[in-house]
Amino acid sequence: MNPVAQPADGSQEVDVSILVPVLNEERYIVESVTAMCRQRFEGRLEFLLADGGSSDRTRELLAELQRTDARIRVLDNPRRGTPSALNVALAHARGRFVARMDAHTRYPDDYIARGVERLSRGDTRWVSGPPIATGEGRVSRAVSLALRTPLGRGASRKWAAERDLEGEGYELDSGVFAGVWERSTVLEYGGWDERWLRNQDSEMAGRFLERDEHLICLPAMGAEYTPRNTLRSLWRQYLEYGEYREWTAVRHPATMRRSHLLAPALVAALALSVLSPRMVRRLARRGLVVYCLAVSGVAVRSLPEASEPLDALYLPAVLATMHLGHGTGAWLGARRHGAPLAAIASALGLRRLAARFAPAPEPVFSPSLSSLSGRSGPSGPLGPSGREDA
């Protein structure tokens, strides 16, 4: 495979630019970047690490890595967030192709090569691989087990238990995990919306899907990541996911699946089991009993897959944390960003009602990209004229 190289500032040629958000990563950054640099690819790569003002030794370690590998470029990300880091890196990218990589994820050495090869077939403009949760620590291993179950991953197709070198590619909805694109494609779509501090790939996927794009997941591009290892950090993670997933549904109604309604419904049932009239309270409590039996059953069925039996016994607590965190976040999101009426109607198959509540198109907010490149997205100049809020 010999991808067509593009001129890079008139002095070098770059085929693929790898975009990496970085902030306070001193414990992992050397190992992560060293692994990224082992990509096997028949073209020229550059690694653009956008640092959001790290207060530890991350920047010092990046400088050392840069001295040993000329392909590494370190950039400033003054807005500090993940989407702004991606946009800063995108604005400086010189490759025909771009790929997103995260510092806490371990990518296969042929991730870039497989992604570029699949793009070259011309039937998709977004190729990604599945995340493979690999636990370290009791709670982290229990989360990995949870993500192998329907109650843990919901109806999402992006998850995998292991890398499958022979698996065929399949289409995804807005549940995506990073990916590889042509740089011109991401610029055409306006980059990452910087209001989405979480769930930014899914928000961008919503824009792709609204234009009938096909998002392809290749099992052979599966990448390993380590889940959170405390219930407290897991709660915070899913609380944020819930809020930003709800906001994504407000802006892009078709991104909501019916399974997205279950976590908010669980939170509502929990509240109704305490604060409602007797008849409603009884019904809500019966629903909670059914839920407890379901998560307990998942724990029992997961015992054969667990590294240690105690890992499976943590599953009910882990699943409840994920569901209640996500559901609470969704309710907070509805309060802050409005109820996703069009999305709920769409998920329930009520097309006329969904069309009635459909939101007006809104420009992509990507000042970190537009201020450096002066480029415009599909909806006109990048970034709304109103206030910035996340």
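The following legends describe close-up views of a predicted model.

**View 1. An edge-to-face aromatic pair formed by W126 and F208.**
Nine aromatic pairs are counted in the structure. In the pair shown here, the ring centres of W126 and F208 are 4.9 Å apart, and their planes meet at 75°. W126 belongs to strand 8 (residues 126-128), while F208 belongs to helix 8 (residues 200-210), so the pair ties together parts that are 82 residues apart in sequence. Both W126 and F208 are buried.

**View 2. A stacked aromatic pair formed by W196 and W247.**
The centres of the W196 and W247 rings lie 4.1 Å from each other, with 15° between the planes. W196 is found in the loop between helix 7 (183-188) and helix 8, and W247 in helix 9 (residues 231-251); the pair thus links distant parts of the chain, 51 residues apart. W196 counts as buried because its relative accessibility is 0%. W247 has a relative accessibility of 7% and therefore also counts as buried, the cut-off being under 20%.

**View 3. An aromatic cluster that includes W126 and F208.**
One aromatic cluster is formed by W126, W181, Y189, W192 and F208. Within this cluster, W126 and F208 make the edge-to-face pair of View 1.

**View 4. The largest nonpolar core and the elements that contribute to it.**
This core consists of 35 residues, and L49 and I112 have the most contacts inside it. Two or more residues come from each of strand 3 (16-22), helix 1 (29-36), strand 4 (45-51), helix 2 (58-68), strand 5 (72-76), strand 6 (97-100) and helix 4 (111-119). The greatest contribution is that of helix 4, which gives five residues.

**View 5. The surroundings of L49 and a second nonpolar core.**
With neighbours within four places in sequence set aside, L49 is in contact with V20, V22, I29, V33, L62, I72, R73, V74 and L75. Another core, of 27 residues, lies apart from the largest one; among its members are L19, A50, V186 and L187.

**View 6. Two cysteines, C217 and C292, in a structure with zero disulfides.**
The structure holds no disulfide. C217 has a relative accessibility of 0% and therefore counts as buried. C292, by contrast, counts as partly exposed because its relative accessibility is 44%, a value between the 20% and 50% cut-offs.

Methods
Residues numbered from 1 in each chain as written. Predicted model: local features only at pLDDT ≥ 70, side-chain atom pairs only at ≥ 80, totals over all residues. Heavy atoms only, no water. Phe/Tyr/Trp six-rings, centres within 6.5 Å; stacked < 30°, edge-to-face > 60°. Helix = DSSP H or I, 4+ residues; strand = E, 2+ residues; numbered from the N terminus. Buried < 20%, exposed > 50% of the residue type's maximum accessible area, 1.4 Å probe, protein only. Disulfide = S-S within 2.5 Å. Core = buried A, V, L, I, M, F, W, Y, C linked by side-chain atoms within 4.5 Å. Contact = heavy atoms within 4.5 Å.
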